[in-house]
Amino acid sequence: MPIESLSSEKLIVVLDIGTAYTKFGFASEFAPRYIIRSEVRCKTTDRLRKLCDYESPEDLFNMLTDFIHMIYFKFALVSPKDRPVVIVESLLCPTLFRETLARVLFCQYEVSMILVLPSHLVSLASLAVHTALVLDVGYKEAVAIPICHGLPIIQGWQALPLGAEAIHSNLKGLLSSSNSGVQNLPESVIEDVKVRCCFVTKKSRAEQLSLVKSETIPPPEVKYPVGGNTILNVCGKTREKAYEILYEEDNDHYCLSTMILDSILKVDLDLRQKLAENLLLIGGTTMAPGFKARLKEELAKQLKSERYKVLNIKEFYFHTPPCKENCTAWLGGALYGATEFLSLKAFTKEAYLKEKHLPDWVNLRDVTSIRAL
Ligand SMILES: Nc1ncnc2c1ncn2[C@@H]1O[C@H](COP(=O)(O)OP(=O)(O)OP(=O)(O)O)[C@@H](O)[C@H]1O
Ligand SMILES: [Mg+2]
(Lines give C-alpha, C1' and ligand atoms only; values in the text may rest on other atoms or scores of the structure.)
(Ligands and ions follow the chains in the order given, each with its own letter.)
Protein backbone atom coordinates (compact mmCIF):
# COMPACT_ATOMS: atom_id res chain seq x y z
CA MET A 1 0.00 0.00 0.00
CA PRO A 2 1.55 3.37 -0.99
CA ILE A 3 2.41 5.67 1.92
CA GLU A 4 0.53 8.67 0.45
CA SER A 5 -2.80 6.81 0.49
CA LEU A 6 -2.29 6.01 4.18
CA SER A 7 -2.11 9.69 4.97
CA SER A 8 -5.18 10.42 2.86
CA GLU A 9 -8.10 12.14 4.59
CA LYS A 10 -10.49 9.63 3.06
CA LEU A 11 -9.44 6.56 5.04
CA ILE A 12 -12.49 5.10 6.71
CA VAL A 13 -11.88 2.23 9.08
CA VAL A 14 -14.25 -0.74 8.75
CA LEU A 15 -14.48 -2.93 11.85
CA ASP A 16 -16.05 -6.35 12.29
CA ILE A 17 -15.50 -7.38 15.91
CA GLY A 18 -16.26 -11.10 16.16
CA THR A 19 -16.21 -13.20 19.30
CA ALA A 20 -12.98 -14.88 18.21
CA TYR A 21 -11.50 -12.70 15.48
CA THR A 22 -11.70 -9.02 14.58
CA LYS A 23 -11.40 -8.08 10.94
CA PHE A 24 -10.51 -4.53 10.09
CA GLY A 25 -9.33 -2.50 7.17
CA PHE A 26 -10.45 0.41 5.06
CA ALA A 27 -13.61 1.15 3.10
CA SER A 28 -13.51 0.45 -0.66
CA GLU A 29 -10.76 -2.16 -0.27
CA PHE A 30 -11.45 -5.78 -1.23
CA ALA A 31 -10.10 -7.50 1.90
CA PRO A 32 -9.42 -6.59 5.53
CA ARG A 33 -5.87 -5.40 6.24
CA TYR A 34 -5.66 -7.47 9.43
CA ILE A 35 -7.48 -10.28 11.17
CA ILE A 36 -6.54 -10.34 14.84
CA ARG A 37 -7.83 -12.20 17.86
CA SER A 38 -10.54 -10.29 19.74
CA GLU A 39 -8.54 -10.13 22.95
CA VAL A 40 -6.45 -7.71 24.99
CA ARG A 41 -3.63 -8.16 27.46
CA CYS A 42 -4.74 -7.53 31.03
CA LYS A 43 -2.56 -4.80 32.57
CA THR A 44 -2.59 -6.30 36.06
CA THR A 45 -2.19 -10.02 35.35
CA ASP A 46 -0.45 -9.72 31.94
CA ARG A 47 -2.72 -12.48 30.61
CA LEU A 48 -4.72 -12.36 27.39
CA ARG A 49 -8.44 -11.86 27.91
CA LYS A 50 -11.18 -12.29 25.32
CA LEU A 51 -13.39 -9.24 24.80
CA CYS A 52 -16.48 -11.39 25.33
CA ASP A 53 -15.26 -12.44 28.80
CA TYR A 54 -15.94 -9.04 30.40
CA GLU A 55 -17.02 -9.03 34.03
CA SER A 56 -18.81 -5.67 34.26
CA PRO A 57 -19.73 -2.73 32.01
CA GLU A 58 -16.67 -0.82 33.22
CA ASP A 59 -14.44 -3.82 32.56
CA LEU A 60 -15.79 -3.98 29.01
CA PHE A 61 -15.23 -0.23 28.58
CA ASN A 62 -11.60 -0.60 29.63
CA MET A 63 -10.99 -3.62 27.42
CA LEU A 64 -12.57 -1.95 24.39
CA THR A 65 -10.55 1.23 25.00
CA ASP A 66 -7.32 -0.81 24.91
CA PHE A 67 -8.50 -2.86 21.95
CA ILE A 68 -9.46 0.14 19.79
CA HIS A 69 -6.18 1.82 20.74
CA MET A 70 -4.31 -1.24 19.53
CA ILE A 71 -6.27 -1.32 16.26
CA TYR A 72 -5.64 2.33 15.40
CA PHE A 73 -2.13 2.85 16.71
CA LYS A 74 -0.52 -0.55 16.26
CA PHE A 75 -2.14 -1.79 13.03
CA ALA A 76 -4.21 0.77 11.08
CA LEU A 77 -1.80 3.62 11.88
CA VAL A 78 -4.34 6.41 11.37
CA SER A 79 -5.78 8.79 13.91
CA PRO A 80 -9.40 8.00 14.84
CA LYS A 81 -10.14 11.67 15.69
CA ASP A 82 -12.74 13.24 13.38
CA ARG A 83 -12.86 10.21 11.09
CA PRO A 84 -15.92 8.06 10.36
CA VAL A 85 -16.01 4.39 11.40
CA VAL A 86 -18.07 1.62 9.85
CA ILE A 87 -19.05 -1.15 12.27
CA VAL A 88 -20.36 -4.47 11.02
CA GLU A 89 -22.27 -6.18 13.81
CA SER A 90 -24.60 -9.09 14.30
CA LEU A 91 -28.27 -8.23 14.77
CA LEU A 92 -28.03 -10.25 17.97
CA CYS A 93 -25.12 -8.21 19.36
CA PRO A 94 -25.79 -7.43 23.07
CA THR A 95 -26.94 -3.83 23.65
CA LEU A 96 -24.30 -3.35 26.34
CA PHE A 97 -21.54 -4.23 23.89
CA ARG A 98 -22.69 -1.90 21.09
CA GLU A 99 -23.44 0.98 23.51
CA THR A 100 -20.04 0.60 25.17
CA LEU A 101 -18.27 0.46 21.82
CA ALA A 102 -20.05 3.68 20.77
CA ARG A 103 -19.04 5.34 24.07
CA VAL A 104 -15.41 4.33 23.56
CA LEU A 105 -15.31 5.50 19.93
CA PHE A 106 -17.11 8.80 20.48
CA CYS A 107 -15.90 9.82 23.95
CA GLN A 108 -12.39 8.32 24.10
CA TYR A 109 -11.34 8.52 20.46
CA GLU A 110 -13.63 11.31 19.19
CA VAL A 111 -14.54 9.69 15.89
CA SER A 112 -16.76 11.93 13.76
CA MET A 113 -19.52 9.42 12.96
CA ILE A 114 -20.40 5.74 13.23
CA LEU A 115 -22.24 3.72 10.63
CA VAL A 116 -23.57 0.49 12.13
CA LEU A 117 -24.46 -2.20 9.60
CA PRO A 118 -26.11 -5.59 10.28
CA SER A 119 -23.68 -8.33 9.19
CA HIS A 120 -26.26 -10.64 7.59
CA LEU A 121 -27.69 -7.85 5.46
CA VAL A 122 -24.42 -6.32 4.27
CA SER A 123 -23.01 -9.73 3.35
CA LEU A 124 -25.29 -9.58 0.32
CA ALA A 125 -23.63 -6.38 -0.94
CA SER A 126 -20.95 -8.26 -2.87
CA LEU A 127 -23.53 -10.54 -4.53
CA ALA A 128 -26.06 -7.95 -5.72
CA VAL A 129 -29.06 -9.99 -4.53
CA HIS A 130 -31.78 -8.66 -2.25
CA THR A 131 -33.42 -11.86 -1.11
CA ALA A 132 -31.37 -14.62 0.49
CA LEU A 133 -31.08 -16.73 3.59
CA VAL A 134 -27.82 -15.92 5.35
CA LEU A 135 -26.33 -18.44 7.79
CA ASP A 136 -23.40 -17.17 9.86
CA VAL A 137 -21.41 -19.93 11.57
CA GLY A 138 -18.67 -18.19 13.53
CA TYR A 139 -17.14 -18.91 16.90
CA LYS A 140 -19.89 -18.79 19.53
CA GLU A 141 -23.02 -19.56 17.59
CA ALA A 142 -24.71 -20.16 14.28
CA VAL A 143 -27.30 -17.52 13.32
CA ALA A 144 -29.65 -17.76 10.36
CA ILE A 145 -31.61 -14.68 9.23
CA PRO A 146 -33.74 -14.44 6.09
CA ILE A 147 -33.29 -11.24 4.10
CA CYS A 148 -36.26 -10.41 1.90
CA HIS A 149 -36.15 -7.55 -0.60
CA GLY A 150 -33.24 -5.99 1.29
CA LEU A 151 -34.83 -6.22 4.75
CA PRO A 152 -33.83 -8.68 7.51
CA ILE A 153 -36.91 -10.61 8.66
CA ILE A 154 -36.30 -10.64 12.38
CA GLN A 155 -39.12 -13.05 13.23
CA GLY A 156 -37.40 -15.63 11.01
CA TRP A 157 -34.11 -15.70 12.92
CA GLN A 158 -32.72 -18.92 14.32
CA ALA A 159 -29.69 -19.28 16.57
CA LEU A 160 -27.96 -22.27 18.14
CA PRO A 161 -24.65 -22.56 20.05
CA LEU A 162 -23.14 -24.42 17.08
CA GLY A 163 -19.89 -22.74 16.12
CA ALA A 164 -16.17 -23.21 16.48
CA GLU A 165 -16.47 -23.27 20.29
CA ALA A 166 -18.69 -26.38 20.16
CA ILE A 167 -16.34 -28.06 17.65
CA HIS A 168 -13.31 -27.28 19.84
CA SER A 169 -14.86 -28.84 22.93
CA ASN A 170 -15.93 -31.91 20.92
CA LEU A 171 -12.42 -32.23 19.47
CA LYS A 172 -10.83 -31.75 22.87
CA GLY A 173 -12.87 -34.68 24.22
CA LEU A 174 -11.97 -36.88 21.25
CA LEU A 175 -8.26 -36.05 21.53
CA SER A 176 -8.04 -36.68 25.25
CA SER A 177 -9.83 -40.04 24.91
CA SER A 178 -7.34 -41.23 22.27
CA ASN A 179 -4.20 -39.66 23.84
CA SER A 180 -3.73 -40.61 27.46
CA GLY A 181 -2.10 -37.90 29.53
CA VAL A 182 -3.18 -35.11 27.19
CA GLN A 183 -5.77 -33.16 29.15
CA ASN A 184 -5.20 -29.44 29.13
CA LEU A 185 -4.37 -28.60 25.56
CA PRO A 186 -4.51 -24.83 24.94
CA GLU A 187 -7.31 -23.63 22.66
CA SER A 188 -4.83 -22.41 20.06
CA VAL A 189 -3.53 -26.00 19.63
CA ILE A 190 -7.05 -27.42 19.42
CA GLU A 191 -7.94 -24.80 16.79
CA ASP A 192 -4.82 -25.54 14.78
CA VAL A 193 -5.50 -29.29 14.87
CA LYS A 194 -9.07 -28.59 13.75
CA VAL A 195 -8.10 -26.39 10.80
CA ARG A 196 -5.13 -28.49 9.64
CA CYS A 197 -6.30 -32.03 10.26
CA CYS A 198 -10.10 -32.22 10.49
CA PHE A 199 -12.81 -32.18 7.85
CA VAL A 200 -16.55 -32.65 7.46
CA THR A 201 -17.29 -36.15 6.29
CA LYS A 202 -20.09 -37.47 4.06
CA LYS A 203 -23.40 -38.33 5.66
CA SER A 204 -23.16 -42.04 4.80
CA ARG A 205 -19.73 -42.30 6.46
CA ALA A 206 -20.94 -40.31 9.49
CA GLU A 207 -23.75 -42.82 9.99
CA GLN A 208 -21.25 -45.68 9.85
CA LEU A 209 -18.91 -43.91 12.27
CA SER A 210 -21.65 -43.54 14.86
CA LEU A 211 -22.10 -47.34 15.01
CA VAL A 212 -20.24 -49.18 17.75
CA LYS A 213 -18.75 -51.65 15.25
CA SER A 214 -18.03 -49.57 12.21
CA GLU A 215 -16.61 -51.20 9.08
CA THR A 216 -15.44 -48.01 7.39
CA ILE A 217 -11.73 -47.58 6.83
CA PRO A 218 -10.67 -44.42 8.65
CA PRO A 219 -8.46 -41.78 6.98
CA PRO A 220 -4.76 -41.86 7.93
CA GLU A 221 -3.67 -40.75 11.37
CA VAL A 222 -1.79 -37.45 11.74
CA LYS A 223 1.11 -37.00 14.14
CA TYR A 224 0.88 -33.44 15.43
CA PRO A 225 3.89 -32.14 17.39
CA VAL A 226 3.01 -30.07 20.45
CA GLY A 227 5.75 -28.00 22.03
CA GLY A 228 9.01 -29.91 22.52
CA ASN A 229 8.91 -33.69 22.14
CA THR A 230 5.23 -34.36 22.75
CA ILE A 231 3.44 -35.91 19.80
CA LEU A 232 -0.33 -35.78 19.58
CA ASN A 233 -1.93 -38.65 17.69
CA VAL A 234 -4.86 -37.32 15.73
CA CYS A 235 -6.48 -40.58 14.63
CA GLY A 236 -8.59 -40.88 11.51
CA LYS A 237 -11.85 -41.21 13.43
CA THR A 238 -11.13 -38.02 15.39
CA ARG A 239 -10.36 -36.14 12.17
CA GLU A 240 -13.67 -37.23 10.72
CA LYS A 241 -15.82 -36.83 13.83
CA ALA A 242 -14.75 -33.38 15.06
CA TYR A 243 -17.39 -31.50 13.04
CA GLU A 244 -20.20 -34.00 13.65
CA ILE A 245 -21.53 -31.92 16.54
CA LEU A 246 -22.88 -29.42 13.99
CA TYR A 247 -25.03 -31.99 12.22
CA GLU A 248 -26.25 -34.08 15.14
CA GLU A 249 -29.75 -33.16 16.26
CA ASP A 250 -30.04 -32.01 19.88
CA ASN A 251 -32.82 -33.10 22.27
CA ASP A 252 -35.27 -30.75 20.55
CA HIS A 253 -34.23 -32.09 17.12
CA TYR A 254 -32.43 -28.89 16.17
CA CYS A 255 -29.19 -28.74 14.19
CA LEU A 256 -27.69 -26.60 11.41
CA SER A 257 -29.98 -27.92 8.68
CA THR A 258 -33.17 -27.48 10.72
CA MET A 259 -32.17 -23.88 11.43
CA ILE A 260 -32.23 -23.09 7.72
CA LEU A 261 -35.54 -24.86 7.18
CA ASP A 262 -37.20 -23.35 10.26
CA SER A 263 -36.08 -19.93 9.12
CA ILE A 264 -37.63 -20.49 5.69
CA LEU A 265 -40.82 -21.77 7.33
CA LYS A 266 -41.24 -18.44 9.12
CA VAL A 267 -41.49 -16.33 5.94
CA ASP A 268 -44.32 -15.92 3.44
CA LEU A 269 -45.14 -18.84 1.16
CA ASP A 270 -44.18 -17.00 -2.03
CA LEU A 271 -40.68 -16.23 -0.74
CA ARG A 272 -39.72 -19.71 0.42
CA GLN A 273 -38.50 -21.16 -2.88
CA LYS A 274 -36.53 -17.98 -3.55
CA LEU A 275 -34.77 -18.25 -0.18
CA ALA A 276 -33.94 -21.92 -0.80
CA GLU A 277 -32.34 -20.93 -4.10
CA ASN A 278 -30.32 -18.16 -2.47
CA LEU A 279 -28.46 -19.56 0.50
CA LEU A 280 -25.35 -17.74 1.67
CA LEU A 281 -22.92 -19.22 4.19
CA ILE A 282 -20.69 -16.79 6.05
CA GLY A 283 -18.35 -17.12 9.05
CA GLY A 284 -15.02 -18.94 9.40
CA THR A 285 -16.49 -22.32 10.39
CA THR A 286 -18.23 -22.67 7.00
CA MET A 287 -14.75 -22.74 5.41
CA ALA A 288 -14.12 -26.27 6.71
CA PRO A 289 -13.59 -28.77 3.86
CA GLY A 290 -16.84 -30.59 3.07
CA PHE A 291 -19.05 -28.23 5.08
CA LYS A 292 -21.29 -27.13 2.22
CA ALA A 293 -21.64 -30.58 0.61
CA ARG A 294 -22.67 -32.14 3.92
CA LEU A 295 -25.15 -29.35 4.63
CA LYS A 296 -26.75 -30.03 1.24
CA GLU A 297 -27.07 -33.74 2.11
CA GLU A 298 -28.58 -32.90 5.51
CA LEU A 299 -31.06 -30.45 3.98
CA ALA A 300 -32.18 -33.05 1.44
CA LYS A 301 -32.72 -35.57 4.25
CA GLN A 302 -34.66 -33.15 6.44
CA LEU A 303 -36.94 -32.19 3.54
CA LYS A 304 -38.29 -35.76 3.52
CA SER A 305 -39.41 -35.49 7.16
CA GLU A 306 -43.06 -34.73 8.01
CA ARG A 307 -42.20 -31.37 9.55
CA TYR A 308 -40.65 -29.90 6.42
CA LYS A 309 -42.67 -31.65 3.68
CA VAL A 310 -44.99 -28.61 3.57
CA LEU A 311 -42.11 -26.50 2.29
CA ASN A 312 -42.24 -28.29 -1.06
CA ILE A 313 -38.71 -27.22 -1.92
CA LYS A 314 -37.06 -29.03 -4.82
CA GLU A 315 -33.48 -27.81 -4.74
CA PHE A 316 -31.11 -25.69 -2.66
CA TYR A 317 -28.53 -23.39 -4.22
CA PHE A 318 -25.63 -21.71 -2.47
CA HIS A 319 -23.99 -18.45 -3.46
CA THR A 320 -20.23 -18.20 -3.72
CA PRO A 321 -19.06 -14.81 -2.43
CA PRO A 322 -16.02 -13.16 -4.05
CA CYS A 323 -13.99 -13.47 -0.83
CA LYS A 324 -13.34 -15.91 2.01
CA GLU A 325 -16.44 -16.66 4.07
CA ASN A 326 -15.00 -15.21 7.29
CA CYS A 327 -14.57 -11.82 5.55
CA THR A 328 -17.86 -11.65 3.60
CA ALA A 329 -19.59 -9.46 6.20
CA TRP A 330 -16.52 -7.22 6.46
CA LEU A 331 -16.43 -6.81 2.66
CA GLY A 332 -20.08 -5.75 2.72
CA GLY A 333 -19.19 -3.07 5.29
CA ALA A 334 -16.26 -1.91 3.15
CA LEU A 335 -18.57 -1.55 0.14
CA TYR A 336 -21.28 0.36 2.05
CA GLY A 337 -18.64 2.56 3.68
CA ALA A 338 -17.47 3.70 0.25
CA THR A 339 -20.90 4.98 -0.82
CA GLU A 340 -22.96 8.05 0.09
CA PHE A 341 -24.85 5.74 2.46
CA LEU A 342 -22.18 6.66 5.00
CA SER A 343 -22.98 10.39 5.08
CA LEU A 344 -26.73 9.74 4.83
CA LYS A 345 -27.14 7.11 7.55
CA ALA A 346 -24.18 7.43 9.92
CA PHE A 347 -24.77 8.59 13.49
CA THR A 348 -22.74 11.72 14.23
CA LYS A 349 -20.75 12.62 17.35
CA GLU A 350 -22.96 15.69 17.97
CA ALA A 351 -26.11 13.54 17.91
CA TYR A 352 -24.48 11.00 20.22
CA LEU A 353 -23.38 13.61 22.75
CA LYS A 354 -26.98 14.87 22.86
CA GLU A 355 -28.71 11.48 23.08
CA LYS A 356 -25.99 9.36 24.77
CA HIS A 357 -27.43 6.36 22.98
CA LEU A 358 -26.81 4.61 19.68
CA PRO A 359 -30.01 4.10 17.64
CA ASP A 360 -30.98 0.49 17.15
CA TRP A 361 -33.45 -0.18 14.42
CA VAL A 362 -34.83 -3.25 16.20
CA ASN A 363 -35.70 -0.95 19.15
CA LEU A 364 -39.26 0.40 18.91
CA ARG A 365 -38.27 3.74 20.48
CA ASP A 366 -35.69 4.44 17.79
CA VAL A 367 -37.88 3.25 14.94
CA THR A 368 -40.65 5.68 16.03
CA SER A 369 -38.25 8.61 16.29
CA ILE A 370 -36.70 7.79 12.88
CA ARG A 371 -40.20 7.69 11.33
CA ALA A 372 -41.09 11.01 12.96
CA LEU A 373 -38.20 12.63 11.09
N1 LIG B 1 -10.20 -22.57 6.71
C2 LIG B 1 -10.84 -22.81 7.83
N3 LIG B 1 -11.30 -24.05 8.10
C4 LIG B 1 -11.96 -24.31 9.23
N5 LIG B 1 -12.23 -23.39 10.19
C6 LIG B 1 -11.79 -22.14 9.98
C7 LIG B 1 -11.08 -21.79 8.80
N8 LIG B 1 -10.77 -20.47 8.89
C9 LIG B 1 -11.27 -20.03 10.07
N10 LIG B 1 -11.88 -21.03 10.71
C11 LIG B 1 -12.52 -20.98 12.01
O12 LIG B 1 -13.50 -19.96 12.04
C13 LIG B 1 -13.64 -19.46 13.37
C14 LIG B 1 -13.77 -17.98 13.34
O15 LIG B 1 -14.80 -17.61 12.48
P16 LIG B 1 -15.26 -16.09 12.43
O17 LIG B 1 -14.08 -15.22 12.21
O18 LIG B 1 -16.39 -16.02 11.48
O19 LIG B 1 -15.78 -15.95 13.92
P20 LIG B 1 -16.17 -14.64 14.71
O21 LIG B 1 -16.72 -13.63 13.74
O22 LIG B 1 -15.02 -14.21 15.54
O23 LIG B 1 -17.28 -15.22 15.66
P24 LIG B 1 -18.81 -14.79 15.82
O25 LIG B 1 -19.34 -14.48 14.45
O26 LIG B 1 -19.44 -15.99 16.46
O27 LIG B 1 -18.78 -13.60 16.71
C28 LIG B 1 -12.38 -19.86 14.11
O29 LIG B 1 -12.71 -20.70 15.18
C30 LIG B 1 -11.52 -20.58 13.08
O31 LIG B 1 -10.92 -21.72 13.63
MG1 LIG C 1 -18.60 -13.08 12.97
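Colleague: What supplies the largest share of the lining of the second largest cavity?

Modeller: That is α3, with three residues. The model is predicted, so local features need pLDDT of at least 70 and side-chain atom pairs 80 or more, while totals for chains, interfaces and linings use all residues, and side-chain values use heavy atoms, without hydrogens or water. Residues are numbered from 1 along each chain as its sequence is written, with chains lettered from A and ligands numbered from 1 in written order.

Colleague: Why is α3 (95-108) called an element?

Modeller: Helices are DSSP runs (H or I) of at least four residues and strands are runs (E) of at least two, numbered from the N terminus. α3 spans 95-108, so it counts as a helix by that rule.

Colleague: What makes the lining of the second largest cavity six nonpolar, no polar and two charged?

Modeller: Ile87, Leu101, Ala102, Ile114, Val116 and Leu358 are in the lining, along with Glu89 and Arg98. Ala, Val, Leu, Ile, Met, Phe, Trp, Tyr, Cys and Pro count as nonpolar, Asp, Glu, Lys and Arg as charged, and the others, Gly among them, as polar. Therefore Glu89 and Arg98 are the charged pair.

Colleague: How do you know that Glu191 makes a polar contact with ligand 1?

Modeller: A polar side-chain atom of Glu191 is 2.6 Å from an oxygen atom of ligand 1. A polar contact is a pair of N or O atoms within 3.5 Å; within protein, one must be able to donate a hydrogen and the other to accept it, and sequence neighbours count only through side-chain atoms on both sides. The Glu191 pair is therefore a polar contact.

Notes:
1 Å grid on protein atoms, 1.4 Å probe; cavity = no way out; pocket = protein on both sides within 12 Å on 5 of 7 lines; lining within 4 Å.
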